[in-house]
Amino acid sequence: MIYLHTFLYYTFFSSVVLIYGIGLNKIAEIGIVKFKETIFYVKCAFTIISSSVISWLITYYLLVPLKITELFPLVCFIVYACISTFLGSIVRLTTGRITSEFAVSYLVVLLSIAESSSLLFTLFICLSSLLSMLIIIPFSLTFRRRVCSNGRLLDEKYYSLYFMFLAVLILILSVWDIIWLNPGVIQ
């Protein structure tokens, strides 16, 4: 039951994109430009999950016994860079497409290592973070189609409206989170 609560918490109530802000500035670009490239999502998901697992194992079995856990971001960076570069080169050689992405994936790896107490929690946080990002993309596409239906270009005014839209979503999630944690508030 605790795994379900962890999964729901990081997916909806503490959405990685909306509440933590991981990828908030990139989600519009990723959702619009790379939405039809499934190889991009598969590569990012595999990179995030494998980097998180390997980084957690190195942190737990090497850094914790040596009492140098402050170095886990460096370990996460090295592991992520190696895996991402390797998978990116394989994808580029086989399909000819560039699937590079750093900031969002690396921050998800850091979040999953920093907030987990076991390998299973690391996997749940990774998967719920990925699902949280995938849930936001249809909202982004719907908002873009709605606002740009009359031929409007993606300019500064669009992004201002878009970030206000995301602020409303954050407010709704925050209110839901408070009501969900305190059921007596509604009565």
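The chain has seven helices and zero strands, and in this predicted model the order along the sequence reads α-α-α-α-α-α-α. Buried residues account for 39% of the 187 residues in the chain, and of the contacts between residues at least 6 apart in sequence, 72% join residues at least 24 apart. The exercises below follow helix α3 and its surroundings.

**Exercise 1. Compare the expected span of helix α3 with the distance between its end C-alpha atoms, and locate its kink.**

Solution. Begin with the extent of the helix: α3 covers residues 38–66, which is 29 residues. The expected span is 1.5 Å times one less than the number of residues, so for α3 it comes to 42 Å. The end C-alpha atoms lie 41 Å apart, in agreement with that expectation. Next, examine the course of the axis, where a kink of about 35 degrees is centred on Thr 59. Thr 59 is also listed among the buried residues of α3.

**Exercise 2. Describe how α3 packs against α4, giving the geometry, the handedness and the residues in contact.**

Solution. Two packed helices are described by the angle between their axes and the distance between the axes. For α3 and α4, the latter spanning residues 72–95, the angle is about 145 degrees and the axes are 9 Å apart. The crossing of these two helices is right-handed. Turning to the residues that make the contact, α3 contributes, among others, Ile 39, Lys 43, Phe 46, Thr 47, Ser 50 and Ser 51, while the contribution of α4 includes Phe 72, Val 75, Cys 76, Val 79, Tyr 80 and Ile 83. Sorted by class, the contact of α3 with α4 has 13 nonpolar, seven polar and one charged residues.

**Exercise 3. Decide whether Thr 47 and Ser 52 are buried or exposed, and state what each one touches beyond its neighbours within four places in sequence.**

Solution. Thr 47 lies in helix α3, and because its relative accessibility is 1%, Thr 47 counts as buried. Its contacts, with those sequence neighbours left aside, are Tyr 80, Ile 83, Ser 84 and Leu 87. Ser 52 is placed in helix α3 as well, and its relative accessibility of 0% is why Ser 52 counts as buried. With residues up to four places away left out, Ser 52 touches Val 109, Ser 112, Ile 113, Thr 122 and Cys 126. Tyr 80 is absent from that set of contacts, although the C-alpha atoms of Ser 52 and Tyr 80, 28 residues apart in sequence, are 8.1 Å apart in space.

**Exercise 4. Find the helix that holds Ser 105, and determine which residues Ser 105 touches, not counting residues up to four places away in sequence.**

Solution. Ser 105 belongs to helix α5, residues 103–114. Its relative accessibility is 2%, so Ser 105 counts as buried. The residues touched by Ser 105 are Cys 44, Ile 48 and Tyr 80. Of these, Cys 44 and Ile 48 appear in the list of buried α3 residues, and Tyr 80 is one of the α4 residues that contact α3.

**Exercise 5. Characterise Lys 67 by its position, its phi and its accessibility.**

Solution. Lys 67 comes just after α3, in the loop between α3 and α4. Most residues other than glycine have a negative phi, and most peptide bonds are trans. The phi of Lys 67, by contrast, is near 60 degrees, a positive value in a residue other than glycine. Finally, since its relative accessibility is 71%, Lys 67 counts as exposed.

Conventions
Residues are numbered from 1 along each chain as its sequence is written. This is a predicted model: local features need pLDDT of at least 70, side-chain atom pairs count only at pLDDT 80 or more; totals for chains, interfaces and linings use all residues. Side-chain values use heavy atoms; hydrogens and water are left out. The bend at a residue is the angle between axes fitted to the seven residues ending there and the seven starting there. Buried means under 20% relative accessible area, exposed over 50%, partly exposed in between (1.4 Å probe, protein chains only). Axes are lines fitted to C-alpha atoms, for helices over the stretch in contact, and angles run from 0 to 180 degrees between N-to-C directions. A crossing is left-handed if the near helix is turned anticlockwise from the far one by less than a right angle, and right-handed if clockwise. Contact means heavy atoms within 4.5 Å. Ala, Val, Leu, Ile, Met, Phe, Trp, Tyr, Cys and Pro count as nonpolar, Asp, Glu, Lys and Arg as charged, and the others, Gly among them, as polar.
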